[in-house]
Amino acid sequence: MSAEQPATDEAWMRRAIELSRLCPPSESAFSVGAVIVDAEGNEIANGYSRETDPHVHAEESALAKLADDDARLGSATIYSTLEPCAKRKSRPLTCTRLILQARIPRVVIAWREPDLFVRDVDGVEFLQSSGVTVVELHHLSAEAQAVNRNLPGIAD
């Protein structure tokens, strides 16, 4: 990782946090933003929860904007304000599976998913065990959580 990588990661995560503020409100789902950045540092796609339908997740929305065979994905980073899901009821594929299918080698998150809607959340562990590098920006977790304060158990 280069010396400027942490600053770059923080800037892209702040972009994802901005996107999370666009989510239509929900009492039963997290508001999440996601940005996909190519190896040259260019945003190639973004998305947010409930952007296109009531069940779409941020990572899913961003990935849907790119072709499955987009060569940039093999060296890209996806920034998500919340740990990508590894369990899901509303779709056949979880966000972790979508990230693996896209061959994205690096994921940056701001906070891990609490056991609010899904028990035993293990998206980070699943990605890591599949060879994906996962970076957690703990110092931005409060900002990423802020848009979710309407949900029970999310700290003020």
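A residue counts as buried when its relative accessible area is under 20%, as exposed when that area is over 50%, and as partly exposed in between. The exercises below apply this scale to a predicted model.

**Exercise 1. Establish the order of helices and strands along the protein, and decide how its radius of gyration compares with the globule rule.**

Solution. Begin with the inventory, which comprises 5 helices and 5 strands. Read from the N terminus, these elements follow the order α-β-β-α-β-α-β-α-β-α. The radius of gyration is 14 Å, close to the 15 Å that the globule rule gives for 156 residues, so the protein is as compact as a globular protein of that length. Along the principal axes, the C-alpha atoms fill a box of roughly 40 × 35 × 30 Å.

**Exercise 2. Describe burial, accessible surface and the sequence range of contacts for the protein as a whole.**

Solution. Of the 156 residues, 48% are buried. The accessible surface comes to about 7,600 Å², and carbon and sulfur atoms account for 51% of that area. Turning to contacts between residues at least 6 apart in sequence, one finds that 69% of them join residues at least 24 apart.

**Exercise 3. Which parts of the chain does the salt bridge between Arg-106 and Asp-9 tie together, and are the two residues buried or exposed?**

Solution. First, take the charges as a whole: the protein carries 16 positive and 24 negative side chains, the centres of the two sets lying 4 Å apart. Side chains of opposite charge can pair when their charged atoms come close. A search of the whole structure finds 11 salt bridges. In the bridge between Arg-106 and Asp-9, the closest N and O atoms are 2.6 Å apart. Arg-106 lies in strand S4 (residues 106–111) and Asp-9 in helix H1 (residues 5–20), so this pair ties together parts that are 97 residues apart in sequence. Finally, compare each residue with the 20% cut-off: Arg-106 is buried at a relative accessible area of 14%, and Asp-9 is buried at 1%.

**Exercise 4. Locate the salt bridges Arg-112 to Glu-136 and Lys-65 to Glu-51 in the chain, and classify the accessibility of each partner.**

Solution. The side chains of Arg-112 and Glu-136 meet at 2.7 Å, N to O. Arg-112 sits in the loop between S4 and helix H4 (123–129), whereas Glu-136 belongs to strand S5 (residues 133–136), and the two are 24 residues apart. With 34% relative accessibility, Arg-112 counts as partly exposed, and Glu-136, with 23%, is likewise partly exposed.

For Lys-65 and Glu-51, the N to O distance is 2.9 Å. This pair, 14 residues apart, joins the loop between helix H2 (58–64) and strand S3 (77–82), where Lys-65 is found, to the loop between strand S2 (43–48) and H2, which holds Glu-51. Lys-65 is partly exposed at 42% relative accessibility, and Glu-51 is partly exposed at 25%.

**Exercise 5. Which residues are linked with Asp-53 in a network of salt bridges?**

Solution. The network links Asp-53 with Glu-60, Arg-88 and Arg-91.

**Exercise 6. Characterise the surroundings of Val-32.**

Solution. Start from its position, in the loop between H1 and strand S1 (33–37). Its relative accessible area is 5%, which places Val-32 among the buried residues. Setting aside neighbours within four places in sequence, the contacts of Val-32 include Ser-20, Cys-23, Gly-47, Tyr-48, Ala-58 and Leu-82. As a last step, consider Pro-84, which is 52 residues from Val-32 in sequence and 9.7 Å from Val-32 in space, C-alpha to C-alpha.

Methods
Residues are numbered from 1 along each chain as its sequence is written. This is a predicted model: local features need pLDDT of at least 70, side-chain atom pairs count only at pLDDT 80 or more; totals for chains, interfaces and linings use all residues. Side-chain values use heavy atoms; hydrogens and water are left out. Helices (H or I, at least four residues) and strands (E, at least two) are DSSP runs, numbered from the N terminus. The radius of gyration is taken over C-alpha atoms; the globule rule is 2.2 Å times the number of residues to the power 0.38. Buried means under 20% relative accessible area, exposed over 50%, partly exposed in between (1.4 Å probe, protein chains only). Contact means heavy atoms within 4.5 Å. Accessible areas come from the Shrake-Rupley method with a 1.4 Å probe; for residues, only the protein chains shown count as cover. Lys and Arg count as positive and Asp and Glu as negative; His and the chain ends are not counted. The place of a charge is taken as NZ of Lys, CZ of Arg, CG of Asp or CD of Glu. A salt bridge is a side-chain nitrogen of Lys or Arg within 4 Å of a carboxyl oxygen of Asp or Glu.
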